[in-house]
Amino acid sequence: MLNQKDLLLFLYKLVDRYIFTQGDRYEYNYNYLNPLAMTDVPQMPLINLPRLPKDEIPSREWLLLVLKAMSVYNINNTAKASSGTVSFSTDDVDSDSVFLSDKLNSLETIEQQINEVKTTEDVNDIAFQLVSTLKEVNEHLSINEQLDEYRNHQDANPTDSNTQFSFEEEFQKIDVQIAEQLEENPDNISFDLDSSEQIAIANLKNIIRYNAQLLELADIQATENAEDGTNVNFGSVGDNYSHTLEDYDNLFRLITKPEIAAKFQQDIVFAYMQVAGPNPVMLKQIKTADPRLPITGEQYQQITSKIIGKADSLDIALQEGRIYLADYSLLEGMVNGNYPRDQKYIYAPLGLFAVPPVGSSSRSLIPVAIKIQQALFTPLHTGTWMSAKSILQMADSNYHEVYSHLGQTHLFIEPFVVATNHLSKDHNLRKLLKPHLEGTVLINYGAHQSLVAPKGSVDKLLASNINSDHELAVKGAQSCLFNFNEVAFPKTLERRGVNDPNQLPVYPYRDDGMLIWNAIHDWVKGYLSSYYSTDASVQNDQDLQKWASQLVSPTGGRLKNFGEDAQGRIKTLNYLIEAVSTVIFTASAQHAAVNFAQRGLMLYPPAFPLARYIPAPTDPNQQENFIDGLPPLDRATDQINLLYLLGSIYYTKLGDYTNSDFHSSPRVQDALKNFQKELKTIEEQIRQRNQSSERLLAYEYLLPSKIPQSINI
Ligand SMILES: [Fe+2]
């Protein structure tokens, strides 16, 4: 569990970062393709903690949200282990469940409180509550005793394989290194560490310690279970054991299983993921048949008869703009991964979808065919259809994480952080953008140091090898960075031919996204118009023009096709409004749409496998159980932990500029109030839409209340 360890150690160091003043600067990274980081962040000597400027260090509220989410999944794993065949607790399982559910409720209350903090004391109180809850869990489950017992056993029977990594030793090393740093640079201490501050820091560290203990125990138990074979849950590919959906369901104890678990095998829900899933950006309208998917008119009639109960005509459907393609051919050529063990398989499928004709009982998208390598699968191939859908969803998950999520949001936004920080503190654009860029450099730093580093979680869980993933992430980032003038939300819909609700009636991501886009656009227009009354005033703002030229500079952000001349010169207020709206929409809504579906949907591995573990069927007429290609359960557990964490941190809320520099500025008051009012109306409108039977699952990722201001997770 390398990454979990890294993460805990990193957070432990981050707590100490609060006591350093160093206001270091960072600059553009001139070799960003390789480390997948746009920003060059030097590290502090002795410990590899980033020397970020003070305002890039995450707030304690953010840290507490992360620690709270980690606590939930660590307790979930403990609860899961405790119900296995290996004795875990002296108490019976049911009383443990009641106790743990109660603690889970306490953790949820803590989360609400984090979102309402007003003062540092509030934050410190919450840290204290969190540490107390974890202490109770630790005592109830006798975690220390069990760890001691295990270590004593280990000392008595040392073998190479059971030399355990010790968190406590690592934590102590960090404490010593930090103390040395402080001694060497006493000026760097930000304040006298009074007793309340010392207690606050100790509490944060203890939260991390308790999590480390839970993790250590779950790790030991998983190893022991695998070794003595008493618990087949962690069986690997190639074992005689074959898993069932129930085995995956059993991985969910305190973490609730997403609703998709009960529905993902339905064809219509599978198609719905293209319009309301984690990666709702693939569909392209096609007006003529694609030779790569040679479906005959007759086959199309049979397929539509089977799925919607009446035969549709392919020619008419094409003419009426009702045929859509999800093309994953960008994944072609990616190398199959095999880390940490087991051969994995990535595929580059094509999916063909159709909208039933006007007058049909439902006009929700339906699947027509899936092409995988040379084989063409349709719903008529009952022995392989579920596997084909599973492979397409696997490809979609890989495309989603690396291209749409990491590349097109996290990495795309990073150069704007650096350029914006070069603007003077009182520049209007800096004030507006700052809340939308909070935490992005740090989370990206964490990603390239750990998550997408070789042997990190992406390497472990995704289907391809890590070099191929890096290449794909760079393509994703460049698809926006090199094409800025084409990536405003409405333009992306037009370009894919999915902007007409008459042709594609059910598309929650598009419909909710347009509401948010328009609200952001109105707000940005109101804000910027209060500073720039004419195009000339935009052209004459030297700081603004410098910001733009840094973004396109080959030694800066390296954007292309930015500015009206595509060279980085901003000539009109309208252009500026569109560009700034694009940045804000991507950093808030677009990221929310792809990020939080990780928790709401992708958490369930059978519906969203991150890799395929046996080769794809080559004959559509063969028989195959799709479950045989799913990830082993230890990988599934890691998927749940990781996606739970990444998809649970809601830090800040779109439109809430309480901590901004312009919050009470009279010149933007009308526009701001209007924006906040509009977001409330949209919230209500989306909740109404989610009641409709057209929405097979509620689409909650673009509810304004669930869109953070910035990419910070
Ligand atoms: Fe994210």
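The iron ion in this predicted model is held by five protein donors, namely H405 (NE2), H410 (NE2), H591 (NE2), N595 (OD1) and I713 (O), which lie 2.2 to 2.5 Å from the ion. Along the chain, these donor residues follow the spacing H-x4-H-x180-H-x3-N-x117-I. Because H410 sits in helix 12 (residues 385-422) while H591 sits in helix 21 (residues 573-595), this pair ties together parts of the protein that are 181 residues apart in sequence.

**The iron site**

- Reading the donor atoms one by one, the ion is approached by the NE2 atoms of H405, H410 and H591, by the OD1 atom of N595, and by the O atom of I713.
- The two histidines that link helix 12 with helix 21, H410 and H591, are both buried.

**Helix 12 and its partner, helix 9**

- Helix 12, which carries the iron donor H410, also packs with helix 9 (residues 267-276), and the axes of these two helices come within 12 Å and cross at roughly 15°.
- An angle under 35 degrees counts as roughly parallel, and helix 9 and helix 12 are therefore described as roughly parallel to each other.
- The crossing of helix 9 and helix 12 is left-handed, and the contact is made by D267, F270, M273 and Q274 on the side of helix 9, together with W385, K389, L392, Q393 and D396 on the side of helix 12.
- Sorted by chemical character, the residues of this contact between helix 9 and helix 12 comprise four nonpolar, two polar and three charged.

**Helix 17 and helix 18**

- Helix 17 (residues 489-496) packs with helix 18 (residues 508-529) at an angle of about 150°, and the axes of the two helices are 10 Å apart.
- Since an angle over 145 degrees counts as roughly antiparallel, helix 17 and helix 18 are roughly antiparallel to each other.
- Helix 17 passes helix 18 in a left-handed crossing, where F489, P490, L493 and R496 of helix 17 meet Y509, R510, G513, M514 and W517 of helix 18.
- The residues that form this contact of helix 17 with helix 18 divide into six nonpolar, one polar and two charged.

**Individual residues and their surroundings**

- N124 has its place in helix 4 (residues 120-140), and with a relative accessible area of 18% this residue is buried, because the cut-off for that description is under 20%.
- When neighbours within four places in sequence are left aside, N124 is in contact with R60, S196 and A200.
- S468 belongs to helix 16 (residues 466-481), and at 7% relative accessibility S468 also counts as buried.
- Although S468 and G333 are 135 residues apart in sequence, their C-alpha atoms are 8.5 Å apart in space, and, leaving aside neighbours within four places in sequence, S468 is in contact with M334 and V335.
- A698 lies in the segment after helix 24 (666-691), and at 37% relative accessibility A698 counts as partly exposed.
- The C-alpha atom of A698 is separated by 9.3 Å from that of I686, a residue 12 places away along the chain.

Notes
Residues numbered from 1 in each chain as written. Predicted model: local features only at pLDDT ≥ 70, side-chain atom pairs only at ≥ 80, totals over all residues. Heavy atoms only, no water. Donors = N, O, S within 2.8 Å, 3.2 Å for Na, K, Ca; no water. Helix = DSSP H or I, 4+ residues; strand = E, 2+ residues; numbered from the N terminus. Buried < 20%, exposed > 50% of the residue type's maximum accessible area, 1.4 Å probe, protein only. Axes fitted to C-alpha atoms, helices over the stretch in contact; angles between N-to-C directions. Parallel < 35°, antiparallel > 145°, perpendicular 65-115°, else oblique. Left-handed = near helix turned anticlockwise from the far one by under 90°. Contact = heavy atoms within 4.5 Å. Nonpolar A, V, L, I, M, F, W, Y, C, P; charged D, E, K, R; others polar.
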